[in-house]
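Here are my notes on the pockets and the ligand site, set out as numbered points for you to read beside the model.

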Amino acid sequence: MTSEIINIPTHVSIIMDGNGRWAHKKGHKRLFGHNAGVESVRAAVEYAREKGIRYLSLFAFSEENWGRPDEEVSGLMALMAKAVADERATFAKYDIRFRIIGNREQLPEDLVATVEELEAETLSNSSMDLIVMLSYSGRWDILQAASRYGEICANAAREGLPLPYLDQDSFAGLLSTDGIPDPDLIIRTSGEQRISNYMLWQAAYTEFYITEVLWPDFRKNDFDRALVSFNNRQRRFGKLK
Ligand code: IPE
Ligand code: IPE
Ligand code: MG
């Protein structure tokens with residue numbers, strides 16, 4: 001059952017958390033939970049597309065997640081490569097542009113190759129953007145933007161040009177999310193009430209929705225509850241309404 005939602009967010013982002021706990025509850029290893037989580041990704045993508053959400057971003061692997069045991073990290077990377085390749089037909093069917101955002105230098109070459117093939121293939125799809133945040137962290141993003149600005153300034157100084165003006169918009173243009181509107185709604189599964197180094201700049205005025213549901217159990221009705229909650233929020237952006 002879905003409800004009447006008038007105010008559909010332009011950009012929804014999901015911190016897909018709780019795979020390990022889900023697996024443990026069932027007496028399995030953590031990777032079993034990550035595997036099951038792929039089905040939830042499919043359901044979320046389909047539902048977002050159905051609802052007319054223009055941008056869906058999914059936090060799949062943080063910079064800090066590299067610190068997990070090798071077995072889990074390599075299992076996750078293999079799973080990502082397979083999951084991405086398996087979605088080729090879905091992207092075509094639903095006219096979805098796919099891309100990843102994060103530090104690509106840290107990712108395995110075969111995964112990057114698969115991803116880049118699909119990024120090129122889906123470049124002109126325009127009904128929805130699906131962005132998978134992979135080897136991403138908010139501080140990494142801000143730092144890489146700051147160092148790019150440093151380079152631009154160094155080049156300008158070398159050529160005797162004035163230093164480029166820096167304001168919020170121009171800085172946002174140096175972030176890895178350039179061209180993507182800030183998330184209107186961030187959903188976090190598994191009940192944790194923290195940001196875990198995600199979209200620190202972009203989430204300045206994002207609405208949060210936290211659910212106890214573990215990611216492998218997250219389905220359309222859970223997504224719908226988040227949208228209903230968003231629909232009832234009054235966003236003020238620091239001003240008076
Ligand atoms: C989220 O699930 C997926 C990743 C962070 C890669 P977790 O693996 O964090 O699962 P929990 O939080 O330990 O249950
Ligand atoms: C956040 O989950 C990262 C992803 C969902 C990819 P974590 O499980 O890594 O976050 P913490 O450690 O509980 O803050
Ligand atoms: Mg977790």
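**Pockets and the site of ligand 2**

1. With eight residues, helix α2 makes the greatest contribution to the lining of the largest pocket. Please keep in mind throughout that this is a predicted model, and that the values below are computed from it.

2. The largest pocket encloses about 870 Å³ of space, and its lining is made up of 42 residues, among which M16, N19, F59, A60 and F61 lie nearest the centre. At least two lining residues come from each of α1 (19–25), α2 (30–51), β2, α3 (70–86), α4 (88–94), β3 (96–101) and β4 (128–136), so that helices and strands are both represented in the wall.

3. In terms of residue class, the lining of the largest pocket divides into 22 nonpolar residues, ten polar ones and ten charged ones.

4. Where does ligand 2 sit? Ligand 2 is placed in the largest pocket, and the residues around it are I15, M16, D17, F59, A60, F61, N65, R68, R188, R194 and S196. Strand β2, which spans residues 55–62, provides the largest share of this shell, namely three residues. M16, F59, A60 and F61 belong to the shell around ligand 2, and these residues are also listed among those nearest the centre of the largest pocket.

5. By class, the shell around ligand 2 consists of five nonpolar, two polar and four charged residues. Charged side chains also appear in the polar contacts of the ligand: an oxygen atom of ligand 2 lies 3.2 Å from an N or O atom in the side chain of D17, and an oxygen atom of ligand 2 is likewise 3.2 Å from an N or O atom in the side chain of R68. For the side chain of R188, the corresponding distance from an oxygen atom of ligand 2 to an N or O atom is 3.3 Å. Taken on its own, ligand 2 has 390 Å² of accessible area, of which the protein covers 77%.

6. Which residues lie closest to the centre of the second largest pocket? The second largest pocket holds about 300 Å³ of space, and of the 19 residues that line it, D169, A172, D182, W201 and Q202 are the closest to its centre. The lining of this second largest pocket divides into eight nonpolar, six polar and five charged residues.

Methods: Residues numbered from 1 in each chain as written. Chains lettered and ligands numbered in written order. Predicted model: local features only at pLDDT ≥ 70, side-chain atom pairs only at ≥ 80, totals over all residues. Heavy atoms only, no water. Near = heavy atom within 4 Å. Polar contact = N/O pair within 3.5 Å; in protein donor to acceptor, adjacent residues only side chain to side chain. Areas by Shrake-Rupley, 256 points an atom, 1.4 Å probe, with all protein chains shown as cover. 1 Å grid on protein atoms, 1.4 Å probe; cavity = no way out; pocket = protein on both sides within 12 Å on 5 of 7 lines; lining within 4 Å. Sits in = over half its atoms within 2 Å of the grid points. Helix = DSSP H or I, 4+ residues; strand = E, 2+ residues; numbered from the N terminus. Nonpolar A, V, L, I, M, F, W, Y, C, P; charged D, E, K, R; others polar. Points joined across faces, edges and corners; volume = space filled by probe spheres on them.
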